[in-house]
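Here's a walk through one protein model, written for someone who'd rather be at the bench. Have the sequence and the 3D view open while you read.

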Amino acid sequence: MGDAHRSGCPINLSLEVLGDKWSLLIIRDIMFGDRRHFRALLTRSEEGIASNILADRIGKLTELGLITSAPDPSHKQRVRLSLTEPAIQLVPVMAHLGAWGRRHLPVSPELAIRAQLLEEGGPPLWDAFMDELRELHLGVPRLSGTPSVLGSLTAAYLALVQEKAPLG
């Protein structure tokens, strides 16, 4: 029986896990948009993923150990998705991808603000964000009184959305 991977190169192997059109966007939406349910991922994604593709990718990401699903304690008929430690450790990768995209591609200001803040904050902000994600997704408590990185990123995004909204 042959090896299922094209090669043992770490970049190749990473791309085999994350290199399709949707996997990183699903992780992005769970990570930055706090979209923890199938419906939220389906209806609130700017890119418009199809339901069958979303279901397939969630299954693959779960199988690969990047997300988990469990019954939502607030709603018995819903499943809540959570990032695992390997997915949380993608924060620096996301920060670098966002920074590269801001420099080289025609981004919109409101969708680029989180990338800008992550780039400006650098590794200390990434570490704080990963700690917050560990608390939200894995139940690992942070230091009491620690400010919310996700809250700051979301507030900056919402401020630019509001600024862009037509008056009246």
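What follows is a tour of a predicted model, going from the inside to the charged pairs and then to the surface.

**The core and helix α2**

Let's start inside. The largest nonpolar core has 30 residues, and the ones with the most contacts inside it are Ile26, Ile27, Met31, Leu83 and Phe129. The elements that each give two or more residues to this core are α2, α4 (51-63), β2 (75-83), α5 (85-88), α6, α7 and α8 (149-164). As a general point, nonpolar side chains tend to be buried together in soluble globular proteins.

Helix α2 covers residues 23-33, and its buried residues are Ser23, Ile26, Ile27, Asp29, Ile30, Met31 and Phe32. For background, an α-helix has 3.6 residues a turn, so residues three or four places apart point the same way.

Which residues does methionine 31 touch, leaving aside neighbours within four places in sequence? The list is Leu83, Ala87, Ile88, Leu90, Val91, Met94, Phe129, Leu133 and Leu150.

Serine 23 also sits in helix α2. Its relative accessibility is 2%, so it counts as buried. The side chain of serine 23 makes a polar contact of 2.5 Å with the side chain of aspartate 20. Apart from neighbours within four places in sequence, serine 23 is in contact with Val17, Leu18, Arg57 and Leu61.

**A buried asparagine in α1**

Now have a look at asparagine 12, in helix α1 (residues 10-18). Is this residue buried or exposed? Asparagine 12 counts as buried because its relative accessibility is 11%, under the 20% cut-off. Not counting residues up to four places away in sequence, asparagine 12 touches Arg6 and Ser7. Its side chain makes a polar contact with the side chain of arginine 6 at 2.9 Å. The asparagine 12 side chain also reaches the backbone oxygen of serine 7, at 3.1 Å.

**Salt bridges**

A search of the whole structure turns up 16 salt bridges. In general, side chains of opposite charge can pair when their charged atoms come close. Here are three of the pairs.

| Acidic residue | Basic residue | Closest N and O atoms |
|---|---|---|
| Aspartate 29 | Arginine 28 | 2.8 Å |
| Glutamate 46 | Arginine 35 | 4.0 Å |
| Glutamate 135 | Arginine 142 | 2.9 Å |

The pair of arginine 35 and glutamate 46 links distant parts of the chain: arginine 35 is in the loop between α2 and α3 (38-43), while glutamate 46 is in the loop between α3 and α4, 11 residues apart. How do the partners sit relative to the surface? Arginine 35 is buried, with a relative accessible area of 10%, whereas glutamate 46 is partly exposed at 40% relative accessibility. Aspartate 29, from the first row, is buried at 5% relative accessibility.

In the pair of glutamate 135 and arginine 142, glutamate 135 is partly exposed at 29% relative accessibility. Arginine 142 is partly exposed too, with a relative accessible area of 21%. Some salt bridges share partners, and these join Arg28, Asp29, Arg35, Glu46 and Glu47 into one network.

**An unusual backbone angle**

Just after α2 comes aspartate 34, with a positive phi of about 50°. What makes the positive phi of aspartate 34 worth a second look? Aspartate 34 is not a glycine, and most residues other than glycine have a negative phi. This aspartate 34 lies in the loop between α2 and α3. Its relative accessible area is 39%, so aspartate 34 counts as partly exposed.

**A nonpolar patch on the surface**

Last stop, the outside. Which residues make the nonpolar surface patch of about 290 Å²? Trp100, Leu105 and Val107 do. Leucine 105 lies in the loop between α6 (91-104) and α7 (109-138). With 45% relative accessibility, leucine 105 counts as partly exposed.

Notes: Residues numbered from 1 in each chain as written. Predicted model: local features only at pLDDT ≥ 70, side-chain atom pairs only at ≥ 80, totals over all residues. Heavy atoms only, no water. Patch = residues over 30% accessible without salt bridge, like charges linked within 9 Å, V, L, I, M, F, W, Y side chains within 5 Å. Areas by Shrake-Rupley, 256 points an atom, 1.4 Å probe, with all protein chains shown as cover. Salt bridge = Lys/Arg side-chain N within 4 Å of Asp/Glu carboxyl O. Helix = DSSP H or I, 4+ residues; strand = E, 2+ residues; numbered from the N terminus. Buried < 20%, exposed > 50% of the residue type's maximum accessible area, 1.4 Å probe, protein only. Polar contact = N/O pair within 3.5 Å; in protein donor to acceptor, adjacent residues only side chain to side chain. Contact = heavy atoms within 4.5 Å. Core = buried A, V, L, I, M, F, W, Y, C linked by side-chain atoms within 4.5 Å.
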